[in-house]
Amino acid sequence: GTPAFAEVVALGAACDYLSAVGMDRIRRREHELTRRLWARLAAVPGITMYGPSPDQDPQRAALCAFNVRGAQASDIATLVDQEAGVAMRA
């Protein structure tokens with residue numbers, strides 16, 4: 001097949017960008033955003049969240065698993081996508 005030249009160039013540019021910004025800075029921002037996500041979801045009635053909070057485990061991945069009482073996961077994912085432009089996996 002055709003070699004993925006464009007993808008290799010893009011990967012190199014992405015690596016350069018991440019190096020210029022600094023991985024520590026990116027890690028701090030990611031943790032800040034995860035804490036904000038966790039806090040805002042925890043404040044919504046009917047949401048059950050799973051796993052340790054970012055404060056309990058600062059090394060956790062920047063994601064949040066949750067259920068909304070009385071709602072199908074696929075419906076929530078569609079609503080959040082349409083209303084906020086956030087892609088979710090149901």
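1. Helices here are DSSP runs of H or I of at least four residues, strands are runs of E of at least two, and both are numbered from the N terminus. With that convention, Ala39 has its place in helix H2. The model discussed in this note is a predicted one.

2. On Ala39 and its surroundings, the relative accessibility of this residue is 46%, and because buried means under 20% and exposed over 50%, Ala39 is classed as partly exposed. Its C-alpha lies 9.6 Å from that of Pro54, although the two residues are 15 residues apart along the chain.

3. Pro54 belongs to the loop between S1 and S2, and with a relative accessible area of 2% it counts as buried. Once neighbours within four places in sequence are set aside, Pro54 is in contact with His31, Thr34, Arg35, Trp38 and Arg60. For the pair Pro54 and Trp38, which are 16 residues apart along the chain, the C-alpha atoms are separated by 7.5 Å.

4. Ser53 is also placed in the loop between S1 and S2, and its relative accessible area of 11% makes it buried. Beyond the residues up to four places away in sequence, Ser53 touches Trp38 and Arg60, and Trp38 and Arg60 also appear among the contacts of Pro54.

5. Trp38 deserves a point of its own: with residues up to four places away in sequence left out, it touches Met49, Tyr50, Gly51, Pro52, Ser53, Pro54, Arg60 and Cys64. Trp38 is also a member of the largest nonpolar core, which has five residues in all, the others being Leu41, Ile47, Met49 and Cys64. At least two residues of this core come from H2, and at least two from strand S1 (47-50). In soluble globular proteins, nonpolar side chains tend to be buried together.

6. The largest pocket has a volume of about 580 Å³. Its lining comprises 23 residues, of which Leu41, Phe66, Ile76, Val80 and Met88 are the closest to the centre; Leu41 is thus named here as well as in the largest nonpolar core. By class, the lining contains 19 nonpolar residues, together with two polar and two charged ones.

7. Which elements supply the lining of the largest pocket? At least two residues each are provided by helix H2 (23-42), strand S2 (65-68) and helix H3 (73-84), and H3 gives the most, with seven residues. H3 itself has twelve residues and spans 16 Å from its first C-alpha to its last, close to the 16 Å expected at 1.5 Å a residue. The residue that follows H3 is Gly85, and its phi is positive, near 70°.

8. Helix H1 calls for a separate remark. Its 17 residues reach 25 Å from the first C-alpha to the last, close to the 24 Å expected at 1.5 Å a residue. Is H1 largely buried or in the open? The number of buried residues among its 17 is zero, so H1 lies largely in the open. Just after H1, Gly22 takes a positive phi of about 105°.

9. Leu11, which lies in helix H1 (residues 5-21), illustrates the point about exposure: its relative accessibility is 55%, and because the class of exposed residues begins over 50%, Leu11 counts as exposed. The C-alpha atoms of Leu11 and Thr48 are 37 Å apart in space, the two residues being 37 residues apart in sequence.

Note on methods:
Residues are numbered from 1 along each chain as its sequence is written. This is a predicted model: local features need pLDDT of at least 70, side-chain atom pairs count only at pLDDT 80 or more; totals for chains, interfaces and linings use all residues. Side-chain values use heavy atoms; hydrogens and water are left out. On a 1 Å grid over the protein atoms alone, a cavity is a set of points where a 1.4 Å probe fits but cannot get out, and a pocket is an open set with protein on both sides within 12 Å along at least five of seven lines; lining residues have an atom within 4 Å of a point. Grid points are joined across faces, edges and corners, and a volume is the space filled by probe spheres set on the points. Ala, Val, Leu, Ile, Met, Phe, Trp, Tyr, Cys and Pro count as nonpolar, Asp, Glu, Lys and Arg as charged, and the others, Gly among them, as polar. The expected span of a helix is 1.5 Å times one less than its number of residues. Buried means under 20% relative accessible area, exposed over 50%, partly exposed in between (1.4 Å probe, protein chains only). A nonpolar core is a set of buried Ala, Val, Leu, Ile, Met, Phe, Trp, Tyr and Cys residues joined through side-chain atoms within 4.5 Å. Contact means heavy atoms within 4.5 Å.
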